Structure formats: structure tokens, C-alpha cells
Amino acid sequence: MLGIAAKNAPSAIFIQIEMKSLDQIKERFDAIWSSFSFLHINQSDAAEILLKFKTVLNGKGLIYICIRTQEKTEWHKTKICELDAVKENYLETYIQEWNKEVFITLIKESGLTPERVEKCRLAKKDLPQEETRLIVVES
């Protein structure tokens, strides 16, 4: 993904880093892309990660976060498709699902402002459609 991004924006700087290690870098960025990776952050670590996001942003930087929502916030085991499109294998992993209002409150408590909340539907062969919230926030 970083290679594609660099090809499309050759003058930009891109870094892939473990979210929990953001406090170890000195660079500041205009944006953070945390698509489906935030699914794997437990609720107990989420506030700390959001604060780290805020510290590495330039002024009014943007953060793109994608989460799965349901009525209650819970950490549970599920199956996900491998990233290799050729394989039809599913891996078991744990993910954090959020009550939308709980997550928006967490964002606000981290000093961030929700800019836009969108709902989308994902369809994968052999998997039910899963409701997902796309949340764009600014520092």
C-alpha cells in the first residue's frame, strides 16, 4: 500500500509503524490512515492510541479511522479474509466492535473533533455483510 501511495504522491513522506510505537518518532504528519487496523486495538488501549495519533499530527491534521459498529462495545473472536486475494482462506482473530456513540465520545475525550461519520456495507464471499462506520476526525 505504501508503494502505491508513494507512486501517487512522490513528494510526500509515508511511514508504516505500529500504532503503539508512534511516540518513538519525531516526524509530524498531515494525515493518518488507520483503515481496518484500528479494529485490532482493544478498547483498553484505544484512548492511548488516539492521543498518540494527535501528537504526531501537524495542526489541523486528518485521521481516517474505520471501525465496526454494533449495539454494544465488545472484543470478540471472528474470522477475517487473508489479504492475499488468490487465497480463499479465513483467519481467526480478535477485533474490537464499538457502539458508535461510545466511540465518538472516546474521540472527543481524546481532544479530537469528529468531522464526518459515514456508514458503508462490505460484502465478501462466504461472509455476511458487515456494517462499518468510517470516521474522519481532525485534531
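Start with the whole surface switched on: the protein exposes about 9000 Å², and carbon and sulfur atoms supply 52% of it. Keep in mind that this is a predicted model. Of the 139 residues in the protein, buried ones make up 35%.

Now switch to cartoon. You should find 3 helices and 6 strands, and if you trace the chain along the sequence they come in the pattern α-β-α-β-β-β-α-β-β. For a feel of how the chain folds back on itself, take the contacts with a separation of 6 or more: residues 24 or more positions apart account for 61% of them.

Next, go inside. Select F38, L50, F53, I63, I65 and F103: of the 21 residues in the largest nonpolar core, these touch the most other members. Then colour β1 (29-34), α2 (43-55), β2 (57-69) and α3 (100-109), the elements that give two or more residues to this core. In soluble globular proteins, nonpolar side chains tend to be buried together.

Stay in the core and centre on F53. Which residues is F53 in contact with, leaving aside its neighbours within four places in sequence? Show M19, L22, I32, S34, F38, I63 and I65 as sticks, and you have the set. F38, I63 and I65 were in your earlier selection too.

Last stop, back outside. Pick I13, I15 and I17, which make a nonpolar surface patch of about 260 Å². Zoom in on I13, in the loop between α1 (2-8) and β1. Is I13 buried or exposed? With a relative accessible area of 64%, I13 counts as exposed, because the cut-off for that label is over 50%.

Terms used. Residues are numbered from 1 along each chain as its sequence is written. This is a predicted model: local features need pLDDT of at least 70, side-chain atom pairs count only at pLDDT 80 or more; totals for chains, interfaces and linings use all residues. Side-chain values use heavy atoms; hydrogens and water are left out. A nonpolar core is a set of buried Ala, Val, Leu, Ile, Met, Phe, Trp, Tyr and Cys residues joined through side-chain atoms within 4.5 Å. Buried means under 20% relative accessible area, exposed over 50%, partly exposed in between (1.4 Å probe, protein chains only). Helices (H or I, at least four residues) and strands (E, at least two) are DSSP runs, numbered from the N terminus. Contact means heavy atoms within 4.5 Å. Patches are made of residues with over 30% relative accessible area and no salt bridge: like charges are joined within 9 Å, nonpolar side chains (Val, Leu, Ile, Met, Phe, Trp, Tyr) within 5 Å. Accessible areas come from the Shrake-Rupley method with a 1.4 Å probe; for residues, only the protein chains shown count as cover. A salt bridge is a side-chain nitrogen of Lys or Arg within 4 Å of a carboxyl oxygen of Asp or Glu.
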